[in-house]
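Work through the exercises below with the sequence and the model in view. Try each task before reading its solution.

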Amino acid sequence: MEGLMRKSSKLVGLAGALLALSLLGGCSSNEPDPAQRAVNAANRADQAAARADSAAQKSAAAAAQAQAAASRVEQAASDAKAAADRAEAIASKTISEHHEHRAARRRHKKAAEAGAAAGAEAGAAAGGAAGAAAGGATAPEPAPAPAPATP
């Protein structure tokens, strides 16, 4: 910014000096002399350079903002992927535990049924209460009901 101010002040000083010289020379024609045209061209060039510098600064700021936004998007994508991986691991663990629990229930049920059937067959072969007791031994007896509370 300081360099731009120096350029501007130098050009304004040069333009002022050339204008003073042209006035002292007493040019009466309406056409500007070559020196005046050079000053006008220098002023236009200086204004164009200032506009280009301003545009370059705005462009650099926009590029920095775009880079920051891209970084935030990349971080959000990484966070989303990590969350999805965690959810998948939890779901996989839950499904396998549920499957194992159901398989264990089926094994217990089949074992209980096989024990009852074996006990009934043994009871029929032995012929008596001993076989019935052996068949009933695999099934647990229900717990006794609690006594009612008295006030």
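**Exercise 1.** How much area does the protein chain expose, and what share of it do carbon and sulfur atoms supply?

Solution. The model is predicted: local features need pLDDT of at least 70, side-chain atom pairs count only at pLDDT 80 or more, and totals for chains, interfaces and linings use all residues. Residues are numbered from 1 along each chain as its sequence is written, and side-chain values use heavy atoms, with hydrogens and water left out. Accessible areas are found by the Shrake-Rupley method with a 1.4 Å probe. The protein chain exposes about 12200 Å². Carbon and sulfur atoms supply 63% of that area.

**Exercise 2.** State which helices and strands the protein chain has.

Solution. Helices are DSSP runs of H or I with at least four residues, and strands are runs of E with at least two. The protein chain has three helices and zero strands. Along the sequence the pattern reads α-α-α.

**Exercise 3.** Find the salt bridge partner of D85 and describe the pair.

Solution. A salt bridge needs a side-chain nitrogen of Lys or Arg within 4 Å of a carboxyl oxygen of Asp or Glu. The count is one salt bridge. D85 pairs with K81, and their closest N and O atoms are 3.1 Å apart. Both residues lie in helix α2 (residues 34-126), four residues apart, so about one helical turn separates them.

Next, classify both by relative accessible area: buried is under 20%, exposed is over 50%, and partly exposed is in between. D85, at 38%, is partly exposed. K81, at 53%, is exposed.

Terms used: Buried < 20%, exposed > 50% of the residue type's maximum accessible area, 1.4 Å probe, protein only.
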